[in-house]
Amino acid sequence: MHIDTPNQTGAITETTPEIDLALGDAHFPSLHMALLQITRDESLFHEQYADTELLRRTALDTITALRDGKRTVNTELPDAGFVHTMMQHMAGGNVPEEYVPMMMQEMSLLEPDPWYEDIPAETRGKLKVAVIGAGMSGILTAIRLQEAGIPFVVFEKNSEVGGTWFENSYPGCRVDVPNHFYCYSFAPNYSWSSHFSKRDELLDYFIAIVDQYDLRPHIHFNNDVTSAEYVDDGCWQLTTQDGTTEQFNAIVSAVGQLNRPKLPDIAGLNDFAGTTIHSAQWRSDVDLTGKKVVVIGTGASAFQLVPEIAEQAEHVSVLQRSAPWLMPTPDYHDAVEPGHQWLLQHLPYYANWYRFWLFWSGCDSFLPTLTVDLAWQRTDSINAANEALRQRTTEYISGQVHNDALLKKVIPDYPIGGKRPLRDNGMWLTALQRDNVDLITHSIRKVTQDGVTFENGESITADVIICATGFQADHFLWPMNIVGRDGIKLDDFWGSNPKAYLGITVPQFPNLFCLYGPNTNLVHGGSIIFHSECQVNYIMGCLTTLLTEGQRSLEPRSEVAEAFYDRVDEANQQRAWGRPQVKSWYKNSEGRVTQNWPFRLVDYWRDTKAPDAKDFIWR
Ligand SMILES: Cc1cc2nc3c(=O)[nH]c(=O)nc-3n(C[C@H](O)[C@H](O)[C@H](O)COP(=O)(O)OP(=O)(O)OC[C@H]3O[C@@H](n4cnc5c(N)ncnc54)[C@H](O)[C@@H]3O)c2cc1C
Ligand SMILES: NC(=O)c1ccc[n+]([C@@H]2O[C@H](COP(=O)([O-])OP(=O)(O)OC[C@H]3O[C@@H](n4cnc5c(N)ncnc54)[C@H](OP(=O)(O)O)[C@@H]3O)[C@@H](O)[C@H]2O)c1
């Protein structure tokens, strides 16, 4: 896979009819803004350009003129004021100014800030950082540390990079955030095959990034970190599974929230005589053809794999404890249109503006719909907009189901947003209505040698049980033994209640930084890549301050961290996912939301833009 460079596109060599054909697939709002940025011709703001035929003709003239050398691209980056005007025009006038710098950074419309150049290379070379995990977040950290000339080692328990996208190879696995946004802001790929590409392509992307940045020499593969102990004075001792130890000044945990598969706590599961598979530990050697398969769970993983395996298995019984809400997404499985792809690859700034469009459309506008109206009486919705969405989505579901008994089962009884809604193009309900698929909602009593018995006394037989039952998400950094200052164990410190300041730093654990840590998961919008970029930026700011101030360690002040936790907890209780009637992996055993970020994305971007020295104890 080729990784593209922001603001650089390929030479235009196509004929005029070929370009015209490509324009037929254009995303017109992005096309419009690209033309504006290329030409800076403000007459293009005129409302007549809402006419896509006129815009297409104008684009054809501009692109052929670029091709023929009769026009040049204005390569000067536009200022924030002009960009804001463009954003307002594109998004219908509702982009608050506070979003502009965040979006410009995401769109590569700001000059990079080589902050580290102010610090002598020798000083930078004195820090040594361990990164645990080579998934999306660990790779990102490695790139930034390498750019900054800070020595580092990445420890990865697997034999390859990619984390989530390496491990989850179940049929149908694909991204649920549009791919032209689910990639690093500084490393786009203009050639994604689909709007929501499959797992193999995601894995290829992360492998290509690692190779492009020549990170492999820094990664110790097949190296499971078992413990990290704070020795003292800005020094951690890290131990890997084979007993090797090494000392570092700082540790960045990039182990993800969704990396340790969870088998369900169902009596008898170990007694099953057939094959048991967890969705995240797929067995490509197990042929499901002609098999009776039971799938436990109806979360995001089951949702993707059931339609695929139903094509193959003799029979599939889907065991549902609670139904998922669906998010209609007609292009969920669609290939990127060839003309659109050509424009991404060849028309300057088209990709930047397409990224803005995707991000803005899936940014913060959904959050009010997921925020509780305290006067609202219903338990299956939380405010008027949430109720309207519930009704629309119920109609969407009802329109696809031709059986009343099934319909009752597939309409969730909790508010939309209680769990992340699942992108749907009709595959799920089509699969559930196949002759060889049953949706069973009885409570499971136990797994037997040859199948599953339910509380109502009924039983089914199975050759294979697939547990699409999620991950040990509440066990952050588990099963590593992390010991902080004064011998305190992170496991004891957190108990069942992991908390970190901005999801990143933890009092009493100096120079320990978490990526995708507590309360940084997203339900209402964005992508985890965006959040990780915010976190890595913040961590680099912390490391710089250590260097510039000649300090050895930093840890957040307890009172600052506590105030943050209170704010987060209070807000999470007022979100759909925090309601008492909602059960999910976002909550710990006491019902506290340990996973999710309850505020706007722009709030997180602002809060992590740079560390505030006053928030920390420096030693
Ligand atoms: C199937 C699936 C689909 C998803 N789809 C989306 C999506 O569409 N959009 C989205 O925003 N998010 C999605 N997510 C969330 C996804 O996890 C993140 O987007 C992202 O991949 C997280 O990257 P990460 O590097 O933080 O963690 P991971 O990708 O989980 O990587 C963690 C890495 O740490 C390594 N590791 C763990 N423990 C140790 C140890 N002790 N020692 C050494 N190495 C260790 C692991 O082997 C792994 O390589 C999805 C998650 C899953 C499970
Ligand atoms: N790109 C994507 O679209 C994608 C794909 C896969 C995963 N993901 C990410 O990964 C997260 C985890 O997804 P996941 O589907 O693997 O896990 P999950 O969302 O935690 O879903 C697990 C499913 O198993 C059920 N379950 C768990 N234990 C059970 C038990 N003992 N008995 C019966 N049912 C049980 C759960 O029921 P309840 O709902 O009742 O708890 C749920 O339906 C997602 O939320 C998402 O963030 C994303």
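Here is an informal walk through the domains, sheets, helix packing and ligand surroundings of this structure.

Bear in mind that this is a predicted model. The protein splits into three pieces: domain 1 (16-104 + 333-361), domain 2 (115-161 + 215-260 + 473-618) and domain 3 (269-325 + 380-413 + 419-467). Taken over C-alpha atoms, the centres of domain 1 and domain 2 sit 37 Å apart.

**The two sheets**

Let's start with the sheet of 5 strands, which is open and runs in the order β8-β17-β9-β10-β13, with parallel pairing. Its edges are β8 (275-278) and β13 (437-440), each pairing on one side only. From one strand to the next, the twist averages 20°. At the β8 end, β8 and β17 are held in the parallel sense by 4 bridges, and T275 has V464 in β17 as its bridge partner. Helix α10 packs on this sheet, where it touches β9 (292-296) and β10 (315-319), and its direction makes about 165° with that of β10.

The other open sheet has 4 strands in the order β6-β5-β4-β18, and here the pairing is mixed. Its edge strands, β6 (245-248) and β18 (481-483), each pair on one side only. The twist in this sheet averages 15° from one strand to the next. Within it, β4 (residues 225-230) and β5 (residues 236-240) run antiparallel and are joined by 5 bridges; one of the pairs puts A228 opposite L238 in β5.

| Sheet | Strand order | Average twist |
|---|---|---|
| 5 strands | β8-β17-β9-β10-β13 | 20° |
| 4 strands | β6-β5-β4-β18 | 15° |

**Around the ligands**

What surrounds ligand 1, and which residues come closest? The shell has 32 residues, with G133, G135, S137, G163 and G256 the closest. By class, that makes 16 nonpolar, 12 polar and 4 charged residues. Helix α7 (residues 136-148) gives the most to this shell, with 3 residues.

Ligand 2 has 26 residues around it, and the closest are D176, P264, G297, G299 and G470. Its shell holds 11 nonpolar, 10 polar and 5 charged residues. Which helix supplies the largest share of the shell around ligand 2? That is α10 (residues 300-309), with 4 residues; α10 is also the helix that packs on the sheet against β9 and β10. Domain 2 and domain 3 each provide at least three residues of the shell around ligand 2.

**α7 against α17**

Back to α7, the helix that gives the most to the shell around ligand 1. It packs with helix α17 (residues 528-548) at an angle of about 35°, their axes being 10 Å apart. The crossing is right-handed. On the α7 side the contact uses M136, S137, L140, T141, R144 and A148, while α17 brings I529, S532, E533, V536 and M540. Sorted by class, the contact has 6 nonpolar, 3 polar and 2 charged residues. S137 appears here in the contact with α17 and is also one of the closest residues to ligand 1.

**Two backbone details**

Where in the backbone is there a cis peptide bond? Between W478 and P479, with omega at about 0°. P479 lies in the loop between β17 (464-467) and β18, so to speak between the two sheets: β17 belongs to the sheet of 5 strands and β18 is an edge of the sheet of 4.

The other detail is S108, a residue other than glycine with a positive phi, near 60°. S108 sits in the loop between α5 (100-106) and α6 (121-124).

Technical notes
Residues numbered from 1 in each chain as written. Chains lettered and ligands numbered in written order. Predicted model: local features only at pLDDT ≥ 70, side-chain atom pairs only at ≥ 80, totals over all residues. Near = placed C-beta within 6 Å. Nonpolar A, V, L, I, M, F, W, Y, C, P; charged D, E, K, R; others polar. Domains from an automatic or database assignment. Pairing = 2+ DSSP bridges. Axes fitted to C-alpha atoms, helices over the stretch in contact; angles between N-to-C directions. Left-handed = near helix turned anticlockwise from the far one by under 90°. Contact = placed C-beta atoms within 7 Å.
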